[in-house]
Every structure is written in structure tokens, then in C-alpha cells.
Amino acid sequence: HRVPAAMTPVPFIDAGRLRSLLPTPVAVAALEDAFRAVRDAGPVRSHVAVAAGDLLLMPAHAPVGVGVKLVTVAPDNPARGLPLIHGLYVLFAADTLAPVALLDGAALTAVRTAAVSALAAHHLARADASRLVVFGAGAQARAHVEALRAVRPVTRVTIVSRTAGRARALADDLRASGVDAGTGTPADVRTADLVCT
């Protein structure tokens, strides 16, 4: 017997699978196509204050699908050893509006936000930009280093953060993956080709 579509389990695409399915160059190209195709600002985002923080709802639609990103921001989570932000993206088919997939919202946000910055750098930065200064040491900082290295020949990365330990940890991780990285101060922007804040 055939299982009705409504009863078919909706696949979950976790962070690792999302990154493998959507490498930075593919994400940058897809966003460039999407930005060219978009004729309006899209649906308005909603913000709901809740006891533990905030719930953000970000709907979107296009000929290829309909979806909503649901994000929670819980300011007390880092002290608990949990991420500040959790999220899911729910994707629906454009024609039937049946659920197609659930995606890790934090991973999707990291890929998408960094890819937008990379797209801007692709169009605006010098072709030989090689020195990158990044302000921050969290998930977005890491994603931006990867994305900007995909569109420019970045050979040196300097991490600037209010939290010295996190800056050192990110620089250490980047060095372990073969990137010439270290920590610095805001003054390092004087010698930077790219600055990511």
C-alpha cells in the first residue's frame, strides 16, 4: 500500500548535511539569483517577546517553495552552556503547500548570512583582498571566515573579540584547519583588506 503524502515523514536536514548540500559557492550563487529575482521586500517578520527571551518568525515565498524560519533567542542560555539562538526552517512545496523538509535554522542562518556578506565582497572588495579582520568569535564569525575565503584570496585572518578566550579558541581552530589566523585589536582594521563586523 502506498502511504499518503500527508503521512510521509518530513526529513530533517541537520547542520552537517546542510553544509554538505549547500557549500558556500553554491549558497552565494543561489542568493545572487534570488536577489535578482526578488521584486519586493517579502512578508514582514514577527517578533514575540516570551518569558525566556524572544520568538522570531520569518516567512518567505517564491516559485520554488514556501517557508518560515522560527528562531528563539534565550539570553540566559549561554550561562547554562546552551546556544543563545535555536531555530528551525520549515519548507513547504510551492504548489501543494505540503511540508517538504525541516532544516536546522541556526546552520541555515550561518550559511545564509555569511553567503550574503561573501556576495557583497565578491562585488565590492578588491580582487586581491587577502587580509581579513573579523569582529566577534561566535558561529557567525566562523561562517564568515569560510565564506569570505571562498570569494577572495584571504591569507591572513585576525579575530577581534571582547572575550579574549573565545577569540583565541576560534583562531586556534582556524589554524588547525590550515588558516593563518591570530587575535588582534580594533586597530588591526588599518591594515585590513576586508572587515567583517
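Me: What makes S2 and S3 a hairpin?

Reply: Strands S2 and S3 have just 2 residues between them, and they pair in the antiparallel sense over 5 bridges. Two strands count as paired if DSSP finds at least two bridges between them, so the 5 bridges of S2 and S3 satisfy the rule. In this pairing, Ala49 has Asp54 of S3 as its bridge partner. Do keep in mind that this is a predicted model, where local features need pLDDT of at least 70, side-chain atom pairs count only at pLDDT 80 or more, and totals for chains, interfaces and linings use all residues. Residues are numbered from 1 along each chain as its sequence is written, and side-chain values use heavy atoms, with hydrogens and water left out.

Me: How do you know that S1 is a strand and that S1 pairs with S6?

Reply: A strand is a DSSP run (E) of at least two residues, a helix is a run (H or I) of at least four, and both are numbered from the N terminus. S1 covers 12-13, so it meets that minimum. S1 and strand S6 (residues 99-104) run parallel and share 2 bridges, with Ile13 opposite Leu103. By this counting the chain has 6 helices and 10 strands.

Me: Why are S1 and S2 described as standing at the edges?

Reply: They belong to an open sheet of 6 strands with mixed pairing, ordered S1-S6-S5-S4-S3-S2. Strand S1 (12-13) and strand S2 (46-50) each have a single partner strand, so one side of each has no neighbour in the sheet.

Me: What makes S9 and S10 the edge strands?

Reply: A second open sheet has 4 strands in the order S9-S8-S7-S10, with parallel pairing. Strand S9 (181-183) and strand S10 (194-196) each pair on one side only. The twist from one strand to the next averages 20°. Further in, 5 bridges join S7 (residues 131-135) to S8 (residues 156-160), and Leu132 stands opposite Val157.

Me: How do you know that helix H6 packs on the sheet?

Reply: Helix H6 (residues 164-176) touches S8 and S9, where contact means heavy atoms within 4.5 Å. Its direction makes about 170° with that of S9. Such angles run from 0 to 180 degrees between N-to-C directions, using lines fitted to C-alpha atoms, for helices over the stretch in contact.

Me: Why is Pro83 called partly exposed?

Reply: Buried means under 20% relative accessible area and exposed over 50%, with partly exposed in between (1.4 Å probe, protein chains only). Pro83 has 44%, so it falls in the middle class. This proline sits in the loop between helix H3 (77-80) and S5, with its C-alpha 9.6 Å from that of Ala106, 23 residues apart along the chain. In the chain, buried residues make up 34% of the 197 residues.

Me: What makes the phi of Leu97 worth a look?

Reply: Most residues other than glycine have a negative phi. Leu97 has a positive phi of about 60° although it is not a glycine. You will find Leu97 in the loop between strand S5 (85-92) and S6.

Me: What counts as a charge when the mean positions come out 2 Å apart?

Reply: Lys and Arg count as positive, Asp and Glu as negative, while His and the chain ends are left out. Each charge is placed at NZ of Lys, CZ of Arg, CG of Asp or CD of Glu. On that basis the chain has 20 positive and 15 negative charges, with mean positions 2 Å apart.
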